[in-house]
Amino acid sequence: MEKRNNILLRIIAGAAGRVVLTWSVIAAVIVAAIVGITMLLRTAKDSTTRIVTDDKIDITPTQIASLKAIGQWEFLTISDEEMVDTVRHGIFSDDELVRIYYGTLRLGIDMADAADDWIAHHGDTIVVTLPPVRLLDDDFIDEARTRPFLEKGKWSNADRAALYTRARQIMKRRCLSASNLRSAELNATTQFGHIMRSMGFANVRVRVSRTDKRNNK
């Protein structure tokens, strides 16, 4: 009887041990699951999604080449009329030559004069530096419209050529004034700004290089 009781006690103890072991395994699994979920939540909390916006706008070499291919661009046209005379004094009488000249002076820029870094971007802004405004065509006097007003005495072709040169200088002094140059610059910045915005560049800053007056003499 005692032997049977001992056997029964060993069976009960073994069963109890297996029950304890089973609960230990379950508890370990639960703890592991809790730790895993906690780490996952912490990782999700620390890892925020970042959306980076690249405000840098690139203008392609093809676009730059197409803009430079514009060549000469006229921004202000001035029509002028000048009466120029010369007098040669003689012993008994004076010779006089008076001629009327008509000219059309075109002020603008020549993209061939643009610097290498004439167009660049700073952040989300395209910065354009245009070449100086200048006289685009030096042969602005319409010789076909030139007519004599008074011609007294004998005058050579050299005399008439000298009078033509004087008329040309007078027209340039009159028409290449500071106000006319500024007007041409304003037209240049406005029109070039419209072109850049039509190409899809919203933020554009356009400036014109200072005019070297020596090139307009």
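## Close-up views of the strands and helices

**View 1. Ile100 stands opposite Arg147 in β6.** This is a predicted model, in which local features need pLDDT of at least 70 and side-chain atom pairs count only at pLDDT 80 or more, while totals for chains, interfaces and linings use all residues. Residues are numbered from 1 along each chain as its sequence is written, and side-chain values use heavy atoms, with hydrogens and water left out. Strand β6 covers residues 147-152 and pairs with β2 over five bridges, in the antiparallel sense. (Strands are DSSP runs of E, at least two residues; helices are runs of H or I, at least four; both are numbered from the N terminus. Two strands pair if DSSP finds at least two bridges between them.)

**View 2. The protein chain has four helices and seven strands.** From the N terminus, its elements follow the order α-α-β-β-β-β-β-β-α-α-β. The chain holds 217 residues, and 29% of them are buried (under 20% relative accessible area, with a 1.4 Å probe and protein chains only). About 14700 Å² of the chain is exposed, and carbon and sulfur atoms supply 57% of that area (Shrake-Rupley method, 1.4 Å probe). Take contacts between residues at least 6 apart in sequence: 79% of them join residues at least 24 apart (contact means heavy atoms within 4.5 Å).

**View 3. β1 and β2 form a hairpin.** Four residues lie between the two strands. Strand β1 spans residues 72-89, and 17 bridges join it to β2 in an antiparallel arrangement. Arg88 has Asp95 in β2 as its bridge partner. In β2, 13 of the 17 residues are buried, so the strand is mostly covered. β2 also pairs with strand β5 (residues 134-135), antiparallel, over two bridges. Leu107 has Leu135 in β5 as its bridge partner.

**View 4. Asp110 sits in strand β2, residues 94-110.** Asp110 is buried, with a relative accessible area of 12%. Its side chain makes a polar contact of 3.2 Å with the side chain of Arg134. (A polar contact is a pair of N or O atoms within 3.5 Å; within protein, one must be able to donate a hydrogen and the other to accept it, and residues adjacent in sequence count only if both atoms are side-chain atoms.) Neighbours within four places in sequence are set aside here; Asp110 then contacts Gly71, Gln72, Pro131, Arg134 and Leu136.

**View 5. Three strands make an open sheet, ordered β3-β4-β7.** The pairing in this sheet is mixed. At its edges are β3 (119-122) and β7 (204-208), each pairing on one side only. Neighbouring strands turn by 20° against each other on average, direction ignored. Helix α4 (residues 178-198) packs on the sheet and touches β3, β4 and β7; its direction makes about 150° with that of β7. (Axes are lines fitted to C-alpha atoms, for helices over the stretch in contact; angles run from 0 to 180 degrees between N-to-C directions.) β3 and strand β4 (residues 125-130) run antiparallel, joined by four bridges. His121 stands opposite Ile126 in β4.

**View 6. Helix α3 takes up residues 157-175.** At 1.5 Å a residue, its 19 residues should span 27 Å, and its end C-alpha atoms are 27 Å apart, which agrees (the expected span is 1.5 Å times one less than the number of residues). Buried in α3 are Leu163, Tyr164, Ala167, Ile170, Met171, Lys172 and Cys175. These buried residues pack against β1, β2, β5 and α4.

Key. Buried < 20%, exposed > 50% of the residue type's maximum accessible area, 1.4 Å probe, protein only.
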